[in-house]
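Here are a few notes to read alongside the model, set out as numbered points. I hope they help you find your way around.

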Amino acid sequence: MKKLLTSATLCLALTACSKMGTAQAHEIEPNNMKAEVQKLIDTALAGTQGYDIIEGLTTDIGARLAGSENEAKARDWTVDLFEEMGLENVRIEPFAINGWVRGVETAEIISPSTQNLFITALGGSVATPESGVTAEIVYFPTFEDLESAPLDDLEGKIVFISGRMEKAPDGAGYGPANRKRRSGATEAAKRGASAVVIRSVGTDSHRFPHTGQMRYAEDVKPIPIGALSAPDADQLERILVSGETVTLKLVMTPKDVGELESGNVIGEIVGTEKPEEIILISGHLDSWDLGTGAVDDGAGIGISAGAAKVLIDSGFKPKRTIRVVAFGAEEVGLLGGRAYVEEHKDDLINHVLASESDFGAGKVYEVKSGVKGEGEETIRAIAKALSGLGIEMSDGATNGGPDIGPMFAEGVPAIRLQQDGTDYFDLHHTPDDTFDKINKDEVAQNVAAWAAMVWMASEAETDFRSDR
């Protein structure tokens, strides 16, 4: 298929720009793609577009639990932001969710000695009785150990599931570690347990427990489940390994609050030549309620919207439409991403590329492709053009990010700018997820990569859907 820029010429035109900030736009011919890309990169690296958005969202609004009043305020805040930036067709697409709020959360070792532990309920957990649950703890070093346990020997007990998560730049340890959070309550309830506590799914050693969504199986009685901070889990493990019998009192009073409203906020840079073809960039607007959602995912809102602002301020007019989406209710089950697919099921065919920033604010170090055929060749050319930012092409595949997953499953091609998340799970879903953890220079590198990527994708006459 004919292209405005063939893969070969795109590789040449987008040849790696010189190292960050060393080349000035005026030193390059102003009418070729390389000059435009360098201008976007230089503008982003010299600015604070993304950083300012993250600061504003986390300071003006704070925590943004799905369905809460603060999430609604954040939607209005984002509408104002998008309109002030100069995005067009700014709107909220509402959808309903089942609301959940946390209550009292305490855990105390009653014997062999009295010790208070730091705990938080997992999202969606049922409550203990108001007076709590007091019972002997049964220890399982890993979730797999619980899965292998007999089905009739935990009656009335509190299950404790340990298991440490390993650090990795791409967060590879999260999936395996997350099984206990997602399914621990179901597996324990099958065996008669009265409640579950887990070692937090995280990589830190701080006394901050990590929350996160869990799920119940429909045919199993729901029981309460909470996450202990890592040091408290270590303490409990040491006592149990010593051979002591441990009795724990657990009080958690979260509750379902019925149907609430969430929503996705959308704004666009309308394309000049192919306005019907959509490149979607995004983050998610909601957060958990323990911190202020700076790393997860105020950063993603700042990076994606910041990239759009760089494009607008540059005066460049993309050929394809750039759609910026701030997804709602991601934390409680990717509900914003699913609602978007339902709302746009008739025009998903017009979505030619999609991506989400939802892995903190660390530097982008590689590009992953969820595109095949001629589209993958263009993605590789884009990665080469970003090499001056310390970015390489990865051979790993991607679905584009959590909220992009549902539309990727429906045939929308995807790209992912993979960030260094080595320390991401130190903060993820904890009270420690606050704005002071955001590094201005690393956010600027992200915004530079996103702005350049989006511009190049918008201008290439590649059929990204050729193999979808």
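1. How much space lies in the largest pocket? The answer is about 810 Å³. Please keep in mind throughout that this is a predicted model.

2. Let's look at the walls of that pocket. Its lining is made up of 31 residues, and those lying nearest the centre are Tyr174, Asn178, Glu330, Leu334 and Pro402. Three elements give two or more residues to the lining: helix H6 (174–190), strand E16 (414–419) and helix H12 (424–427). Of these, H6 gives the most, with five residues. Sorted by class, the lining of the largest pocket has 12 polar, 11 charged and eight nonpolar residues.

3. Since H6 gives the most to the lining, one of its residues deserves a visit: Arg181, which sits in this helix. Which side chain of opposite charge is nearest to Arg181? That is Glu331, 6.5 Å away. A salt bridge would need a side-chain nitrogen within 4 Å of a carboxyl oxygen, so Arg181, although buried, has none. Arg181 does have polar partners, though. Its side chain makes a polar contact of 3.0 Å with the side chain of Asn178, which is also among the residues nearest the centre of the largest pocket. In addition, a polar atom of the Arg181 side chain lies 3.1 Å from the backbone oxygen of Gln213.

4. Next, the enclosed spaces. How many cavities of 30 Å³ or more does the structure hold? There are two, and the largest cavity has about 60 Å³ of space. Its lining consists of Ser287, Trp288, Leu290, Gly291, Thr292, Gly293, Asp296, Glu331, His429, Thr430 and Asp433. By class, six of these residues are polar, three charged and two nonpolar. You will recognise Glu331 from the previous point: the residue named there as the nearest opposite charge to Arg181 also lines this cavity.

5. Now for some backbone details to check by eye. Most residues other than glycine have a negative phi, and most peptide bonds are trans. Where are the cis bonds to look at? One joins Ser111 and Pro112, with omega about 15°; Pro112 lies in the loop between strand E2 (105–111) and strand E3 (115–117). Another cis bond runs from Asp296 to Asp297, with omega near 5°. Asp297 belongs to helix H8 (residues 294–314), while Asp296 is one of the residues lining the largest cavity.

6. Positive phi values are worth a look too. Ala329, which is not a glycine, has a phi of about 55°. Ala329 is found in the loop between strand E12 (320–327) and helix H9 (335–343). Is this residue buried or exposed? Ala329 has a relative accessible area of 0%, so it counts as buried. His429 also has a positive phi, near 65°, and lies in the loop between H12 and helix H13 (440–459). With 5% relative accessibility, His429 is buried as well, and it is part of the lining of the largest cavity.

7. Finally, a look at Ala35, in helix H2 (residues 33–46). Its relative accessibility is 5%, and therefore Ala35 counts as buried. How many ångströms separate its C-alpha atom from that of Asp436? The separation is 34 Å, for two residues that are 401 residues apart along the chain.

Methods
Residues are numbered from 1 along each chain as its sequence is written. This is a predicted model: local features need pLDDT of at least 70, side-chain atom pairs count only at pLDDT 80 or more; totals for chains, interfaces and linings use all residues. Side-chain values use heavy atoms; hydrogens and water are left out. On a 1 Å grid over the protein atoms alone, a cavity is a set of points where a 1.4 Å probe fits but cannot get out, and a pocket is an open set with protein on both sides within 12 Å along at least five of seven lines; lining residues have an atom within 4 Å of a point. Grid points are joined across faces, edges and corners, and a volume is the space filled by probe spheres set on the points. Helices (H or I, at least four residues) and strands (E, at least two) are DSSP runs, numbered from the N terminus. Ala, Val, Leu, Ile, Met, Phe, Trp, Tyr, Cys and Pro count as nonpolar, Asp, Glu, Lys and Arg as charged, and the others, Gly among them, as polar. Buried means under 20% relative accessible area, exposed over 50%, partly exposed in between (1.4 Å probe, protein chains only). Lys and Arg count as positive and Asp and Glu as negative; His and the chain ends are not counted. A polar contact is a pair of N or O atoms within 3.5 Å; within protein, one must be able to donate a hydrogen and the other to accept it, and residues adjacent in sequence count only if both atoms are side-chain atoms.
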